[in-house]
Amino acid sequence: MTTARAAVLREAGSPLTLETIRIDPPKDGEVIVEMGAVGLCGSDRFVLDGHYPVEPPAVCGHEGAGKVLEVGPGVTGLTPGDHVVQIFIGPCGDCGPCRRGLKTFCRTGMHPSGRLRDGTFRMFAGDEPIGTYLGLGSFSTTTVTPARHLVKVPADVPWEIAALVSCGVSTGVGAAVNVARVRPGDSVLVVGLGGVGASAVMGAVLAGAARVVVSEVSPDKLAMATTFGATDTVDVTQVDLVEAIADLTDGNGVDAVLLTPDRVRAAHHIDAVNCLGPGGVVVQVGGTAVDLDVIPVSPNALLSQQKSITGTVIGGPDPARDVRRWIELYRAGRLPIDRLITRRYAFDDINVGFDDLKAGTNVRGVISFAP
């Protein structure tokens, strides 16, 4: 038995409560992980606000990295002391999507109750079971995670970098490289500059885009855009986005639009399609606004110039593969992930971090557990 300090979601829409909980030993295929760092992701807000399904009480958080403390029966390839990144998609390797190479869409996802795959719990407050959301429970000093949700990474990678690769970096970079398939010389528009948006900018640069335009409503974030490789910025509170893109591209439009705000709204899709050139693609990366059920775009707007709209989850078909390759690009100095971190928080200040996320003041906030 292990004890841990955890930020527990007791009620959707309410602040997290910091509690001491018990973590029972790992069962078949599970691993006890001592957390090193965790990012505060826009998707976490969807969960905490009740927009994504969750059954309180639960320990949430999904953008984490840490060190293996103990492995359960049947675990191979991981030993105590290994550094690992958590991934919220733990592919089985056997279902239809996995066999087709689409491991992100594995059909054996975790239940929103926070039960692990045998239907039981590992986290407890006294005798009360606490859910391990997505099998990760990253908002805890120590957690239990199925081994298939862990990717071993080199020990020289800082915890903060490894944590961000878990979700935000993989989603943004992958959206540009894997989904939009940006090519050398392309022009790309990134709408929204949070952690995922900034990663999408870096992904477009990595893929060789000649022009990377960022549109934002925050002057502070627009001022940071060039840090990630943007060539141009558009303040959409001051100018019309479609007209600005037409001016920047001599009327040709962009090859790809990456929608990366944490709440994608109807106007985002309308503007995105109108900013595309022939054959271009819109990739929805951010979560959908609560009141958006239908994309308000005429099929003729797509048909007439062979434009398309698609979506992505974690930026591509194979999350474990991408965790490794984005980390190797970071180690090679070609993916400056450290630039994403705008503020670091003590664990006790996790609710402050979410307040800042909601206020839009961070590109990415990170909690560091390591001393």
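## Strands, rings and a pocket

Strand S2 pairs with strand S7 (residues 123-125) through two bridges, and the two run antiparallel. In this pair, isoleucine 23 has methionine 123 of S7 as its bridge partner. The model is predicted: local features need pLDDT of at least 70, side-chain atom pairs count only at pLDDT 80 or more, and totals for chains, interfaces and linings use all residues. Residues are numbered from 1 along each chain as its sequence is written, and side-chain values use heavy atoms, with hydrogens and water left out.

Two terms come up throughout. Helices (H or I, at least four residues) and strands (E, at least two) are DSSP runs, numbered from the N terminus. Two strands count as paired if DSSP finds at least two bridges between them.

### The barrel

Which strands close into a barrel, and in what order? Five do, in the order S1-S2-S7-S8-S4, with mixed pairing. S1 and S2 (residues 17-23) are antiparallel and share seven bridges. Within that pair, threonine 3 is matched with arginine 22 of S2. S1 (residues 2-9) also runs antiparallel to S4 (residues 58-59), with two bridges. There, valine 8 faces valine 59 of S4.

The loop between H1 and S4 holds proline 57. Its peptide bond with proline 56 is cis, with omega about -5°.

### Strand S3 and its partners

S3 spans residues 30-40, and 10 of its 11 residues are buried, so the strand is largely enclosed by the rest of the structure. Buried here means under 20% relative accessible area, exposed means over 50%, and partly exposed lies in between (1.4 Å probe, protein chains only). The table lists pairings of S3.

| Partner of S3 | Sense | Bridges | One residue pair |
|---|---|---|---|
| S5 (residues 64-71) | antiparallel | seven bridges | isoleucine 32 with glutamate 70 |
| S9 (residues 142-146) | antiparallel | five bridges | isoleucine 32 with valine 144 |
| S18 (residues 364-368) | antiparallel | four bridges | leucine 40 with glycine 365 |

Isoleucine 32 thus appears in two rows. It stands opposite glutamate 70 in S5 and opposite valine 144 in S9.

### Rings

A pair of aromatic rings is described by the distance of the centres and the angle of the planes. Rings of Phe, Tyr and Trp (its six-membered ring) pair if their centres lie within 6.5 Å; planes under 30 degrees apart count as stacked, over 60 as edge-to-face, and the rest as tilted. How many aromatic pairs does a search of the whole structure find? It finds two. One of them is phenylalanine 139 with phenylalanine 354, an edge-to-face pair at 5.8 Å centre to centre with 75° between the planes. Phenylalanine 139 sits in the loop between S8 (128-132) and S9, and phenylalanine 354 in helix H10 (residues 350-359), so the pair ties together parts that are 215 residues apart in sequence. Are these two residues buried or exposed? Both phenylalanine 139 and phenylalanine 354 are buried.

There is also a charge over a ring. The test asks for NZ of Lys or CZ of Arg within 6 Å of the ring centre and within 35 degrees of the ring normal. Arginine 263 lies over the face of phenylalanine 46, 3.6 Å from the ring centre.

### The second largest pocket

Pockets are found on a 1 Å grid over the protein atoms alone: a cavity is a set of points where a 1.4 Å probe fits but cannot get out, while a pocket is an open set with protein on both sides within 12 Å along at least five of seven lines; lining residues have an atom within 4 Å of a point. Grid points are joined across faces, edges and corners, and a volume is the space filled by probe spheres set on the points.

The second largest pocket holds about 270 Å³ of space. Its lining includes Gly13, Ser14, Arg45, Asp49, Asn351 and Phe354. Helices H1 (42-48) and H10 are the elements that give two or more residues to this lining. H10 gives the most, with four residues. By class, the lining has four nonpolar, three polar and four charged residues. In this scheme Ala, Val, Leu, Ile, Met, Phe, Trp, Tyr, Cys and Pro are nonpolar, Asp, Glu, Lys and Arg are charged, and the others, Gly among them, are polar.

### Positive phi in two loops

Arginine 181 is a residue other than glycine with positive phi, near 55°. Its place is the loop between H3 (159-179) and S11 (187-191). At 61% relative accessibility, arginine 181 is exposed.

Glutamine 306 also has a positive phi near 55°. The loop between H8 (299-303) and S16 (308-311) holds glutamine 306. Its relative accessible area is 65%, so glutamine 306 counts as exposed.
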